[in-house]
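Got the viewer open? Let's walk through this one stop at a time, selecting as we go.

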Amino acid sequence: MAIKGFFLFAIVCYLSYYGKVGGEYKGLSREEELEIEKQLKLLNKPSLKTIKTQSGDVYDCVDFYKQPAFDHPLLKNHSYHFQIRPSRRPKTIMNVREPSNMVEKVSLETGLRSGGCPIGTVPIRRTTKEDLIRAKLFTETYASRISPLTVEKPGLHHAVVRTKHDPSKKYNGGGTIVSIYSLPVTSSQYSSGQMTIRNGLDSIQVGWTAGESSCFNTQCPGFIIVDTEIPLDMVVKPVSQRGGLTIEVKLFVYRDQFSGNWWLEIGTNYTKVGFWPSKIFSGGLKDLATYVEWGGEAYSPPGQPCPPMGSGFFLQGYTKVDAYCRVLTTVNEAHEPDDAENTEVFVDDSHFYGVDDWGMISDNRRLMTYGGPGST
């Protein structure tokens, strides 16, 4: 089975909901209702403090060792002797002077109000019944269509810049600054802007997603949160307005050379949010990565219309209206960051989506744009 990381800035926009009849959700049996209630009790841990965000999400400040990560079968009953800071991080090339001709933009504000959670606890988004119903219905549609032995899945579309296959090249991580948009998707679709780091069937994906993306959030154990203020799986508000202000977030993922854990840093200050322990991976990402990509991913069940991607329009060649990933970065085997090189563009359906590699853009370094309306 493929072992995956997950999206961390999650549900930006979700337009299709499930109808209720007499207070119960259509299509759920009494047994399913009881199972969902049981899952809610398991997922929502006791908390020391509760924080409500401006978007209405509730985050519980959960004891570090009771966070969902430790529900993972490979992390249960662990002695917890984790190194909660990397032994050494790569230098970064992502702090660059912005050219005057770049679009006006604002970095995503990621911190919780009220000073975040108390020391010794971490913020975990409270799971609702609606969350579990969406995940259940999405998974039934998504998982029933795929084979666990394949990486590419029917109905999955990409518009990306990616590293070319080269058996001699390996990577200790990658980074980017990605613009964030809201998109109209149905209950069985998702669309995202992301960076993917992969070796074989193991992959880590970070970015934003519109729609229900099943196990790409903290409902699924494995990612160990160490920061007390950065809420993962959050609803992003505001988002970029096509032709207006652009909202973006800086993402940096790298492998700790001592422990083999994969660390995530977010935002202008490179806040260390947490890490994927090396031991949860099946083999590939226990070692270095062999592949990095940046851009868009969209999914719809085969036979259904394709969802929009990026800003939801065909590319215009202008970052004020096109979704982008900029300052494309890889971390080489020597643990040093490089401008992404030896890359190629890939789009699997140019009728609905597009991708442009702008190359080196002054001090802004590598830039790519992607997106399209889909077939909706």
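Start by picking cysteine 61: is it buried or exposed? Cysteine 61 is buried, with a relative accessible area of 1%. Keep in mind on this tour that you're looking at a predicted model.

**Stop 1: the disulfide**

Leave cysteine 61 selected and add cysteine 117. The two are joined by a disulfide, with 2.1 Å from S to S. The torsion about their S-S bond is about -80°, so this disulfide is left-handed. Cysteine 61 belongs to strand β5 (residues 58-63), while cysteine 117 sits in the loop between β6 (105-107) and β7 (121-125), so the bond ties together parts that are 56 residues apart in sequence. Cysteine 117 is buried too, at 6% relative accessibility.

How many disulfides does a search of the whole structure find? Just one. While you have cysteines on screen, click on cysteine 306, which is buried at 9% relative accessibility, and cysteine 325, which is buried at 0%.

**Stop 2: zoom out**

Now colour by secondary structure. You should get two helices and 21 strands. Of the 376 residues, 56% are buried. Take the contacts between residues at least 6 apart in sequence: 79% of them join residues at least 24 apart. Switch on the surface and you have about 15,700 Å² of accessible area, with 52% of that belonging to carbon and sulfur atoms.

**Stop 3: the nonpolar cores**

Hide the surface and select Val253, Trp262, Trp276 and Tyr370. These are the residues with the most contacts inside the largest nonpolar core, which has 65 residues. Which strand gives this core its largest share? That's β13 (residues 246-255), with five residues. Next, select Leu28, Ile36, Leu132 and Ile133, which are among the six residues of a second, separate core. As background, nonpolar side chains tend to be buried together in soluble globular proteins.

**Stop 4: β14, β15 and β12**

Show residues 262-266 as β14 and residues 271-276 as β15. β14 and β15 run antiparallel and are joined by five bridges. At one of the pairings, isoleucine 266 stands opposite threonine 271. The two strands form a hairpin with four residues between them, and in the turn you'll find glycine 267 with a positive phi of about 90°.

Then add strand β12 (residues 224-225), which is antiparallel to β15 and joined to it by two bridges. Pick isoleucine 224 and look across to phenylalanine 275, its bridge partner in β15.

**Stop 5: tryptophan 294**

Go to tryptophan 294 in strand β16 (residues 291-299). Tryptophan 294 is buried, at 0% relative accessibility. What lies 3.2 Å from a polar atom of its side chain? It's the backbone oxygen of glycine 175. Check threonine 176 as well: its C-alpha is 7.8 Å from that of tryptophan 294, although the two residues are 118 apart along the chain.

**Stop 6: histidine 335**

Finish in the loop between β17 (323-331) and β18 (337-339), where you'll find histidine 335. Histidine 335 counts as buried at 2% relative accessibility. A polar atom of its side chain lies 2.7 Å from the backbone oxygen of arginine 255. Leaving aside neighbours within four places in sequence, the contacts of histidine 335 are Arg88, Arg89, Pro90, Asn172, Arg255 and Gln257.

Terms used:
Residues numbered from 1 in each chain as written. Predicted model: local features only at pLDDT ≥ 70, side-chain atom pairs only at ≥ 80, totals over all residues. Heavy atoms only, no water. Disulfide = S-S within 2.5 Å. Buried < 20%, exposed > 50% of the residue type's maximum accessible area, 1.4 Å probe, protein only. Contact = heavy atoms within 4.5 Å. Areas by Shrake-Rupley, 256 points an atom, 1.4 Å probe, with all protein chains shown as cover. Polar contact = N/O pair within 3.5 Å; in protein donor to acceptor, adjacent residues only side chain to side chain. Core = buried A, V, L, I, M, F, W, Y, C linked by side-chain atoms within 4.5 Å. Pairing = 2+ DSSP bridges.
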